[in-house]
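Work through the following exercises with the sequence and the structure side by side, and try each task before you read its solution.

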Amino acid sequence: MQGRTPNNKTANLSLVHAGEVLPSPASSKLPAIVAFDRKELQLILNVYGRKVALGEWRDYAMDFLRERAVFSIYARVSERPLFIIEKTPRLRNRQGQYAVTNQQGRILKRGHDLALVLRVLDPQLAVVG
């Protein structure tokens, strides 16, 4: 789909329908954004839900960017998240595409398996494969 910008130049636009991103013809090789899939989001929200029930966490935010997806966890209304869970597919073949970072920016855990990486946030939780 092409649209007109204020200075009458054509611009490539992506269509979004029910959570699905359809790339524009010019960028058909690369996805428009990185997102968590249903299984990944379920793992994250399971840990998040337990911590909310314990009163430790209160809010979250999700950002889907061109190179990474970010799930930010907040303990209370503040400018900085308590923890950040990131998915960076570009790092899949290196140290792993998943990472958990603390408020100071220190990477607490990185890896290829999201369930194992999330254990840093909920250590008493056993992983069942």
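**Exercise 1.** How many helices and how many strands does the secondary structure of the protein come to?

*Solution.* The model is a predicted one, and its secondary structure consists of two helices and nine strands. Following the sequence from its start, we meet these elements in the pattern β-β-β-β-α-β-β-β-β-β-α.

**Exercise 2.** Describe how phenylalanine 36 and phenylalanine 64 are arranged as an aromatic pair, and state where each of them lies.

*Solution.* A search of the whole structure gives six aromatic pairs. In the pair formed by phenylalanine 36 and phenylalanine 64, the centres are 6.4 Å apart and the planes make an angle of 70 degrees; because an angle over 60 degrees counts as edge-to-face, this pair is edge-to-face. Next, locate the partners: phenylalanine 36 belongs to the loop between strand S4 (20–22) and helix H1 (38–53), whereas phenylalanine 64 belongs to strand S5 (residues 59–64), so that the pair links distant parts of the chain, 28 residues apart.

**Exercise 3.** Is phenylalanine 36 buried or exposed?

*Solution.* The relative accessible area of phenylalanine 36 is 8%, and since buried means under 20%, phenylalanine 36 is buried. Its partner phenylalanine 64, with a relative accessible area of 35%, is partly exposed. For the protein as a whole, 29% of the 129 residues count as buried.

**Exercise 4.** Which residues form one aromatic cluster?

*Solution.* The cluster is made up of Tyr48, Trp57, Tyr60, Phe71 and Phe83. As a last step, look at tryptophan 57, over whose ring the charged end of lysine 51 sits, 5.9 Å from the centre of that ring.

Technical notes. Residues are numbered from 1 along each chain as its sequence is written. This is a predicted model: local features need pLDDT of at least 70, side-chain atom pairs count only at pLDDT 80 or more; totals for chains, interfaces and linings use all residues. Side-chain values use heavy atoms; hydrogens and water are left out. Helices (H or I, at least four residues) and strands (E, at least two) are DSSP runs, numbered from the N terminus. Buried means under 20% relative accessible area, exposed over 50%, partly exposed in between (1.4 Å probe, protein chains only). Rings of Phe, Tyr and Trp (its six-membered ring) pair if their centres lie within 6.5 Å; planes under 30 degrees apart count as stacked, over 60 as edge-to-face and the rest as tilted. A charge sits over a ring if NZ of Lys or CZ of Arg is within 6 Å of the ring centre and within 35 degrees of the ring normal.
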